[in-house]
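Reader: I am new to this structure and would love a guided look at one part of it. Please show me how the aromatic side chains are arranged, and what lies around them.

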Amino acid sequence: MRRPLVILVLGAILGLLTAVATYWSMTAQHRALLRQEQPELAWLRAEFEIAPEDFARISALHQAYLPQCAELCRRIASCEARIRSLLDRADQLTPEIEALLLEAAQTRVECQKNMLEHFFQVSRAMPPEQGRRYLAWVKEKTFRMDHEPGAPGEASHGHEGHH
């Protein structure tokens, strides 16, 4: 009776150690990126093999862009909150709701323009081939068309995934 219990406990310990070792090895690269000075840009440096001097320029562009992005996100969220509040009390489309929809749409356009200009600036801070590859990546990941026929559920209507 004692031997099967010992085997079971040792098996459980071995399984747990194997799981921890696997997790540790599979996440090592990600954890290393997070320990870097600017973890939000570490993936960019690694993926596009950016030289230190280019990375310094890109980091400066990123730092300059963040406050603009945060302000536009705040404005969009504010519009959406006000729209939700009005919709809670509405039984039809009102001029106030319509005005807020227009304000939110205009703010999203401003956000997309700023974001696209930022992406172009970042691409110009890279060597030409890397910049072209970066823009192709941006196009694929960020500027998905939300209303393409035949692609239900593939793209989001939200404001996420744009950095």
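**Starting at the first helix**

Author: V6 is found in helix α1, which covers residues 2-26. Helices here are DSSP runs of H or I with at least four residues, strands are E runs of at least two, and both are numbered from the N terminus. Before we go further, please note that this is a predicted model, in which local features need pLDDT of at least 70 and side-chain atom pairs count only at pLDDT 80 or more, while totals for chains, interfaces and linings use all residues. Residues are numbered from 1 along each chain as its sequence is written, and side-chain values use heavy atoms, with hydrogens and water left out.

With a relative accessible area of 44%, V6 is partly exposed; buried means under 20%, exposed over 50%, and partly exposed in between, with a 1.4 Å probe and protein chains only. Together with L5, L8, V9, L10, I13 and L17, V6 makes up a nonpolar patch on the surface, with about 670 Å² of accessible area in total. Patches take residues with over 30% relative accessible area and no salt bridge, joining nonpolar side chains (Val, Leu, Ile, Met, Phe, Trp, Tyr) within 5 Å and like charges within 9 Å. The areas come from the Shrake-Rupley method with a 1.4 Å probe, and for residues only the protein chains shown count as cover.

For the wider setting, the chain has six helices and zero strands, and 25% of its 163 residues count as buried.

Now to the aromatic part you asked about. A pair of aromatic rings is described by the distance of the centres and the angle of the planes. Rings of Phe, Tyr and Trp (its six-membered ring) pair if their centres lie within 6.5 Å; planes under 30 degrees apart count as stacked, over 60 as edge-to-face and the rest as tilted. By this rule there are four aromatic pairs in the structure. In one of them, the ring centres of W43 and F48 are 6.3 Å apart and the planes meet at 65°, so this pair is edge-to-face. F48 is buried, because its relative accessibility is 1%, whereas W43, at 28%, is partly exposed. W43 also pairs with W137, this time in a tilted arrangement, 4.9 Å from centre to centre and with 35° between the planes. That pair links distant parts of the chain: W43 belongs to helix α3 (residues 39-48) and W137 to helix α6 (residues 128-141), 94 residues apart. W137 is partly exposed too, with a relative accessible area of 27%. Taken together, W43, F48, F119, Y134 and W137 form one aromatic cluster.

Two of these cluster members, F48 and Y134, turn up again in the largest nonpolar core. A core is a set of buried Ala, Val, Leu, Ile, Met, Phe, Trp, Tyr and Cys residues joined through side-chain atoms within 4.5 Å. This one has 15 residues, and those touching the most other members are L44, F48, I50, I58, V122, M126 and Y134. Helices α3, α4, α5 and α6 each give two or more residues to it, and the largest share, four residues, comes from α4. In soluble globular proteins, nonpolar side chains tend to be buried together.

Charged side chains also connect these helices. A salt bridge is a side-chain nitrogen of Lys or Arg within 4 Å of a carboxyl oxygen of Asp or Glu, and the structure has eight of them. E47 and R133 form one, at 3.2 Å from N to O. Since E47 is in helix α3 and R133 in helix α6, the pair ties together parts that are 86 residues apart in sequence. Both ends are partly exposed, E47 at 42% and R133 at 36%. Another bridge joins E80 and R108, whose closest N and O atoms are 2.1 Å apart. It ties together helix α4, where E80 lies, and helix α5 (residues 95-124), where R108 lies, the two residues being 28 apart in sequence.

One last contact brings a charge and an aromatic ring together: the charged end of R45 sits over the ring of F55, 3.8 Å from its centre. This rule asks for NZ of Lys or CZ of Arg within 6 Å of the ring centre and within 35 degrees of the ring normal.
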